[in-house]
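Biologist: Can you walk me through this structure? I'd like helix packing first, then pockets.

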Amino acid sequence: MNHHRRDRTFQTVNAVLLGIIGIITFFPLYYVFIVSFTEPSEYLSNEVQLFPKHWSLDSYKYLMSTNAFLNAIGNSVFLAVVGTALSLLVTSCLSYAISRRRLQGRRVMMLLILLTTLFNPGIIPPYLLVRDLHLINSTWSLILPVLTSGWYVLLMKGFFDSIPASLEEAARIDGCNDVSVWYRVILPLSLPSLAAFGLFYAVAYWNTFFTALLYINDFSKHPLQVLLQNMLIDASTAAGGSAAAEMMSEQRIPPETLKMAAVVIATVPILLVYPFLQKHFAKGAMVGSVKE
């Protein structure tokens, strides 16, 4: 009885503490969301409560009417979609290659990949590489240098190692070559790992910030995170300078509501991706595929 009572006490205290931490963590996000939808006049009069009296889309309409913000969203979408697809292609191909024991030089390749996870070259070598490849001020400078990750390659290689060799042998008996085995057998069985790493890559590309500051000088090629950082300093940068500031003053849109709306727009797309990929994290595709 005492043991059962201690367990209930621990669970109650644990639930209360986690609830408090959850509220503390959630409140800033809630405040950003509420302010972004608050009527500008209500915010200017300092009447914002925990729940606004009047909802408004003025801040979102203003942001979506500015070319700079739309360009930034387009740049981030391009990075997330194209960059993630290319990264998954390169990572899966390299992982599958080094997972095959018959590959010559396999141990050397694995050692070189492992070294990339142990030593960070810093900022200068990648910048010199991008400069020598004439990729400065190019969107591809944000994709090609980080096209794959040695750590992800090794993790995906471990997933490929768990796939029974009998599946590959059966495919070869049916006339498949290496490319066909990879495309028709390995990839369909690797949806959980592809979904997980695809999400990691997508989040990384969507949140591209520091490398964009280093390699991109053209304002029209900046991704959303760079524009958001500029907006936190000066909200008028969402539309490009003094003209935007005059328009903001005419429409009486507070810079703070614009900033909050921009944060929501930058956060929601990635949050919406998680529910669609959750099922691939919960179960594997190998269950029942082979009986040995």
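**Helix contacts and pockets**

Modeller: In H4, Ser76, Val77, Leu79, Ala80, Gly83, Thr84, Ser87, Leu88, Thr91 and Ser92 meet Leu194, Phe197, Gly198, Tyr201, Ala202, Tyr205 and Trp206 of H10. Contact means heavy atoms within 4.5 Å. Helices are DSSP runs (H or I, at least four residues), numbered from the N terminus. The model is predicted: local features need pLDDT of at least 70, side-chain atom pairs need 80 or more, and totals for chains, interfaces and linings use all residues. Residues count from 1 along each chain as its sequence is written, and side-chain values use heavy atoms, without hydrogens and water.

Biologist: How do the residues of the H4 contact with H10 divide: nonpolar, polar, charged?

Modeller: Ten are nonpolar, seven polar and no residue is charged. Ala, Val, Leu, Ile, Met, Phe, Trp, Tyr, Cys and Pro count as nonpolar, Asp, Glu, Lys and Arg as charged, and the others, Gly among them, as polar.

Biologist: And at what angle do H4 and H10 pack?

Modeller: About 140°, with the axes 8 Å apart. That makes H4 oblique to H10. Oblique is what remains after under 35 degrees (roughly parallel), over 145 (roughly antiparallel) and 65 to 115 (roughly perpendicular). Axes are lines fitted to C-alpha atoms over the stretch in contact, and angles run from 0 to 180 degrees between N-to-C directions.

Biologist: New topic. Which residues line the second largest pocket?

Modeller: Leu29, Val32, Phe33, Val263, Val264, Thr267, Val268, Leu271 and Leu272.

Biologist: Which helix gives the largest share of that lining?

Modeller: H14, with six residues.

Technical notes
Helices (H or I, at least four residues) and strands (E, at least two) are DSSP runs, numbered from the N terminus. On a 1 Å grid over the protein atoms alone, a cavity is a set of points where a 1.4 Å probe fits but cannot get out, and a pocket is an open set with protein on both sides within 12 Å along at least five of seven lines; lining residues have an atom within 4 Å of a point.
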